[in-house]
Amino acid sequence: MPVLGFVRALARFRAQLPVLIALVLFAHSIPARADDEASTTVGGRVYTDQYVFTSAPNSGNLEQSSLSAWLDVDSRLGQGFGVRAIAQGDAFYRSIAEPSRPSVRATLREGYLSWLGTGIELKLGQQILPWGKSDGVNPTDYFTAKNLTLLNPDEEVRRSGGFALNLTVTPDEGNSPFSFQVVAQADSPRTKLLIPAQSIPSQVQFTQSIDSPRPFQGNYEIGGKISYLQSDFDLSLSAFRGYSRFPQYVLNAATLSVAPIYPAQTAVGADGSFTAGDHILRFETALLMPDNGKDTDPLAGFVEPWHWDSVVGVERPIGDDFRAQIQLLYRWHLFFPAANAATGNPLIDQLASGIARANALILNYQYRGNPGATFRFAYSSEHSDFSGDVFLIGYFANGQDYLIRPQIGYTPVTNLKLLAGADIYGGNESRPLGALRARSHVFFETRYLF
């Protein structure tokens, strides 16, 4: 029932409020200096999204119909302290998570206390911390997750974070080209995936995802980054110890049920960008090492192995109003999984093999090496109320698959934007993007900023 869903949403939101209230009270207890300028800004957005299937068997049916609102409060309190909070509420007539009934949710996207000193910035609280410089594919984005079952033309809307301490230090009173960032996160956000219906064995009970754990329940994560910044290039090295953002589905042979696990993992990576005339070159690479991802682990063959992901791209303007970007992608699996030993029970072996194939399909590790590419072509002009964008991502390992996302925007008045577009999945149905072709859709969004 929508009323019950609303009550549950409020309860989840209320559980996050004590930390935010404590941060606000602490910040307001700090006496301001005479030369401090206290200020508070309030903004936000209201938007509605309509997604309609374009492919059989659901062609013409609603996939998602939603109304959402954000409230963004940013308060400067004196002595370098500040508080920021972004609250979000969503009402769904239909959604992927609740396709047969209306639902609501409320969440605190971000809520943290910040302190800015000479060469030092400290943030404590609920934060979204995206790392990486490439477009759409970010191997070094260790700390955030995405809800891919929430449809929106802005990928950042689907991103979620956790409760973290985020410290950045720039030596020489902030004038050094080097900076050092340390993040300690008290929980591990979890990505919710779009699961192709045909990949789930029909004989099992299937749990698609588990909610992210509450802070301070043992899922602690830590990471760091060293960055070097100049006017025409920047470089950074990063390391992480925490948990995978992606579910690995495992079979409980006793109950014939399938549930996700989120294994601990270590990662190291690097990213950078260079400017050469009109061209901007970017790269991003990371080695991700889940604890059970070696070929000697009992779960080898059923879960994602160690893998090295890399992105190299170039972007440049074309005239005054157009931009083009192309990126090359490559994933290499250091321990490519072989089938696990048979148990002697034909039913269990068949189900386990099906789950292993589903994991490889959903998480894109069907082959040891997997090349791919992205392409983006965008139009935006200060002399026109229209804008446009076409994004393409595809993979080429033994059966090509792709996603094409064209969209057009129109701004009839200041702060109001109308968007229309499509997500078109295609290619080989035995590949991750091709398997989602039944989820192809058109979408319409009305967005108002205040």
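Which strand does Phe377 lie in? Phe377 lies in strand β19. The views below come from a predicted model.

**View 1. Phe377 and the nonpolar surface patch.**
Phe377 belongs to a nonpolar surface patch of about 690 Å². Its other members are Ile318, Phe322, Ile326, Phe375, Val390, Leu392, Tyr402 and Ile424. Three elements give two or more residues to this patch: β18 (322–333), β19 and β20. Phe377 counts as partly exposed because its relative accessibility is 32%, and partly exposed covers the range between under 20% and over 50%.

**View 2. A salt bridge between Asp389 and Arg376.**
The side chains of Asp389 and Arg376 meet at 2.9 Å, N to O. Asp389 sits in strand β20 (residues 386–395), and Arg376 sits in strand β19 (residues 369–380). The pair therefore ties together parts that are 13 residues apart in sequence. Is Asp389 buried or exposed? Asp389 counts as buried, at 15% relative accessibility. Arg376 counts as partly exposed, at 24%.

**View 3. A salt bridge between Arg405 and Glu155.**
Here the side chains of Arg405 and Glu155 meet at 3.0 Å, N to O. Arg405 belongs to strand β21 (residues 401–413), while Glu155 is in the loop between β6 and β7. So this pair ties together parts that are 250 residues apart in sequence. Arg405 has a relative accessible area of 11% and is buried. Which residues are linked with Arg405 and Glu155 in a network of salt bridges? Lys146, Arg158 and Asp423 are linked with them.

**View 4. A salt bridge between Arg159 and Asp141.**
The side chains of Arg159 and Asp141 meet at 2.4 Å, N to O. The pair links distant parts of the chain, 18 residues apart. Arg159 lies in strand β7 (residues 159–160). Asp141 lies in the loop between β5 (120–127) and β6 (145–146). Both Arg159 and Asp141 are buried. How many salt bridges does a search of the whole structure find? The search finds 27.

**View 5. Ser114 and its contacts.**
Ser114 lies in strand β4 (residues 103–117). Its relative accessible area is 8%, so Ser114 is buried. Which residues does Ser114 contact, leaving aside neighbours within four places in sequence? The contacts are Arg76, Gly80, Phe81, Gly82, Leu122 and Lys123.

**View 6. An open sheet of three strands.**
The strand order is β10-β14-β13, and the pairing is mixed. β10 (205–206) and β13 (248–252) stand at the edges. Each has a single partner strand, so one side of each is left without a neighbour in the sheet. Strands of a sheet pair through backbone hydrogen bonds, either parallel or antiparallel. In which sense do β10 and β14 pair, parallel or antiparallel? β10 and strand β14 (residues 257–261) pair in the parallel sense, over two bridges. The bridge partner of Gln205 in β14 is Ser257.

**View 7. Helix α2 across β13 and β14.**
Helix α2 spans residues 346–363. This helix lies across β13 and β14. α2 runs at about 170 degrees to β13.

Methods:
Residues numbered from 1 in each chain as written. Predicted model: local features only at pLDDT ≥ 70, side-chain atom pairs only at ≥ 80, totals over all residues. Heavy atoms only, no water. Helix = DSSP H or I, 4+ residues; strand = E, 2+ residues; numbered from the N terminus. Buried < 20%, exposed > 50% of the residue type's maximum accessible area, 1.4 Å probe, protein only. Contact = heavy atoms within 4.5 Å. Salt bridge = Lys/Arg side-chain N within 4 Å of Asp/Glu carboxyl O. Patch = residues over 30% accessible without salt bridge, like charges linked within 9 Å, V, L, I, M, F, W, Y side chains within 5 Å. Areas by Shrake-Rupley, 256 points an atom, 1.4 Å probe, with all protein chains shown as cover. Pairing = 2+ DSSP bridges. Axes fitted to C-alpha atoms, helices over the stretch in contact; angles between N-to-C directions.
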